[in-house]
Amino acid sequence: MKFGHRGANHPVKNLQTGKIEITSQNHGYAVDIDSLKDFRPTHVNLNDGTLEGMAHARYPVFSVQYHPEAAPGPHDALYLFRRFLEEVEAFHGATGLPVEKQRADQHGI
C-alpha cells in the first residue's frame, strides 16, 4: 500500500452478510487475497478492494485488519467480540481439535 489505511470512516463489507461496517483503521499493509490457503476472506475494503478480514476454513480462527474496539459505526463490529467469546466458551480443552463452527453464519464470519 502506498499510503495505507489511516483514520476513521473506512467502509468495509462483510462478505457473509453483505452489511457495510464503518471502521477505524491504522495500517500500511494488506494481505494478498490470492495468497490465502486455509483461510477464506470475510471482509473487504470498499475503497480499494483490499482484504480486511479472514477466517480459517476448519479451525475457529478469524481476524480483521481494522480496529473493532474503536466502534466508529457506533457498534458495527460488536458481533466480532460476541463471536470471540462464543469460541472461547465452546472450546473443549487443549486437544487441538476444531470447535464446531455452527454459529459462524449468525455472525457473518
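This is a short walk through a few spots in the structure shown above. Keep in mind that it's a predicted model.

Okay, let's start inside. The largest nonpolar core has 5 residues, and they are Val 12, Tyr 66, Ala 77, Tyr 79 and Leu 80. That fits a general habit: in soluble globular proteins, nonpolar side chains tend to be buried together.

Let's stay with Val 12 for a second. What does Val 12 touch, once we leave aside its neighbours within four places in sequence? Quite a list: Lys 19, Ile 20, Glu 21, Thr 23, Gln 25, His 43, Val 44, Asn 45, Glu 52 and its core partner Tyr 66.

Now over to Leu 46, in the loop between β3, residues 39–45, and β4. Leu 46 has 42% relative accessibility, so we call it partly exposed. With the close sequence neighbours, those within four places, left out, Leu 46 contacts Pro 11, Lys 13 and Ile 20. Take Lys 13: it's 33 residues away from Leu 46 along the chain, yet their C-alpha atoms are 6.6 Å apart.

Next, the surface. Here we have a nonpolar patch made by Phe 39, Tyr 59 and Val 61, adding up to about 220 Å² of accessible area. Val 61 sits in the loop that links β4, residues 51–56, with β5, residues 62–64. Its relative accessibility is 40%, so Val 61 is partly exposed too.

One last curiosity: Asn 9, in strand β1, which covers residues 5–14. Its phi is near 70 degrees, a positive value, and this isn't a glycine. And is Asn 9 buried or exposed? Exposed, because its relative accessibility is 57%.

Note on methods: Residues numbered from 1 in each chain as written. Predicted model: local features only at pLDDT ≥ 70, side-chain atom pairs only at ≥ 80, totals over all residues. Heavy atoms only, no water. Patch = residues over 30% accessible without salt bridge, like charges linked within 9 Å, V, L, I, M, F, W, Y side chains within 5 Å. Areas by Shrake-Rupley, 256 points an atom, 1.4 Å probe, with all protein chains shown as cover. Salt bridge = Lys/Arg side-chain N within 4 Å of Asp/Glu carboxyl O. Helix = DSSP H or I, 4+ residues; strand = E, 2+ residues; numbered from the N terminus. Buried < 20%, exposed > 50% of the residue type's maximum accessible area, 1.4 Å probe, protein only. Core = buried A, V, L, I, M, F, W, Y, C linked by side-chain atoms within 4.5 Å. Contact = heavy atoms within 4.5 Å.
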